[in-house]
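Opening the notebook on a new model. I want to go through side-chain contacts, ring pairs, the metal site and the domain split, in that order.

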Amino acid sequence: MLMEMELQQTIERERVAPETITARTRSIYDETLRHSKYLEAGNFKSIHPADLERLFDLYDERFFAGGCRQALGSAPLRFRLSKRMTQSAGKATRLQHRDRRTKEVTTEYEIAVSTTLLFQTFHDVDRPIVMSGIECRDRLESLQRIFEHELVHLIEFMLWKNSSCSAPRFQSIANRFFSHTEHTHQLITPRERALTKFGVKAGSRVSFRVDGQHYVGVVNRITKRATVLVEDSRGIRYTDGKRYAKFYVPVGLLKPVE
Ligand SMILES: [Zn+2]
């Protein structure tokens, strides 16, 4: 396919000058704030999947001359916001469906972004946020870095069907187009926030109140909320032989106990 060839040549050969990358990403930042109904400021408080779609079109237009849309052809590309992603900031997926009757295979793509991680960053844990090796000043800049990373995944999926951000090909593309020097994010995860703000981690003994009752238990794991196990003769038996009741508690309600 001609369109894919063109995109592939651009992706394999082009290197965008660092100052051009800065100017383009800045113009995308400004344009996003100007046109979005949901992103009201750099540290926005709401976001809609339509904002991800606009980012896609802006990046595609400024960096790839519309080549991504062309390479997609008729394959659907969906955008999703996820509250449940608590470790990875974004995720690009390539899905294939085979029609049972016609045996026809269709491909579709999705880009998902974690709102849990986005909204926890630039909130109440204060430290510089470095994304893909670039320091970000606010939530929108972080979103752009996440999006650029997922866009490289998407491009690799379209051109080569597979994608890995720990591989040299990915890192070369991310560096030549977006100045990325690392492929890991440093957004604040619920785990980090629990530890730095409340002194709580998996294994901590904690006390908390639910419906006026006071409980003491042990933190089992931390995702969006903490899972706390409290000894309870009516509870489920665990591998240590004891019985526990399980509570899902917002980390801010936990107090570490010695
Ligand atoms: Zn990745």
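**Salt bridges**

I started with Arg54 and Asp51, whose side chains meet in a salt bridge at 3.2 Å, N to O. Worth noting up front that this is a predicted model. Arg54 and Asp51 are three residues apart in helix H3, so about one helical turn separates them. Is each of the two buried or exposed? Asp51 is buried at 3% relative accessible area, while Arg54 is partly exposed at 25%.

Next I asked how many salt bridges there are. The count comes to 13.

I then pulled up Glu141 with Arg26, a salt bridge whose closest N and O atoms are 3.4 Å apart. Glu141 lies in helix H6 and Arg26 in helix H2 (residues 18–35), so this pair ties together parts that are 115 residues apart in sequence. Glu141 counts as buried, with 7% relative accessibility. Arg26 is partly exposed, with a relative accessible area of 36%. I also found that Arg26 and Glu141 belong to a salt-bridge network together with Arg137.

One more from the list: Arg234 forms a salt bridge with Asp232, and the closest N and O atoms are 3.4 Å apart. Arg234 counts as exposed, at 75% relative accessibility.

**Charges over rings**

While on Arg26, I checked what its charged end sits over, and the ring of Tyr29 came up, with the centre 4.2 Å away. Arg24 gave another hit: Arg24 lies over the face of Phe63, 5.1 Å from the ring centre. That sent me to the rings.

**Aromatic pairs**

I get 13 aromatic pairs in the structure. Phe63 turns up again here, forming an edge-to-face pair with Phe178, at 5.0 Å centre to centre and 65 degrees between the planes. I looked up where the two sit: Phe63 is in helix H3 (residues 49–64) and Phe178 in helix H7 (residues 168–178), so the pair ties together parts that are 115 residues apart in sequence. Both Phe63 and Phe178 are buried.

The second pair I opened was Phe208 with Phe247, also edge-to-face, with 5.3 Å between centres and 65 degrees between planes. This one links distant parts of the chain: Phe208 is in strand S6 (residues 205–210), Phe247 in strand S9 (residues 243–249), and they are 39 residues apart. Phe208 and Phe247 are buried.

Which residues join Phe63 and Phe178 in one aromatic cluster? I find Tyr59, Phe64, Phe147 and Phe177 alongside them.

**Zinc site**

Which protein atoms act as donors to the zinc ion? I noted NE2 of His149, NE2 of His153 and SG of Cys165, lying 2.1 to 2.4 Å from the ion. The sequence spacing of the donor residues reads H-x3-H-x11-C. His153 and Cys165 link distant parts of the chain, twelve residues apart: His153 is in helix H6 (residues 139–160), and Cys165 is in the loop between H6 and H7. I checked the accessibility of His153 too, and at 11% relative accessible area this donor is buried.

**Domains**

Last lookup of the session. The chain is divided into domain 1 (2–188) and domain 2 (192–256). Taken over C-alpha atoms, the centres of domain 1 and domain 2 are 36 Å apart.

Key
Residues numbered from 1 in each chain as written. Predicted model: local features only at pLDDT ≥ 70, side-chain atom pairs only at ≥ 80, totals over all residues. Heavy atoms only, no water. Phe/Tyr/Trp six-rings, centres within 6.5 Å; stacked < 30°, edge-to-face > 60°. Helix = DSSP H or I, 4+ residues; strand = E, 2+ residues; numbered from the N terminus. Buried < 20%, exposed > 50% of the residue type's maximum accessible area, 1.4 Å probe, protein only. Lys NZ or Arg CZ within 6 Å of the ring centre and 35° of its normal. Domains from an automatic or database assignment. Donors = N, O, S within 2.8 Å, 3.2 Å for Na, K, Ca; no water. Salt bridge = Lys/Arg side-chain N within 4 Å of Asp/Glu carboxyl O.
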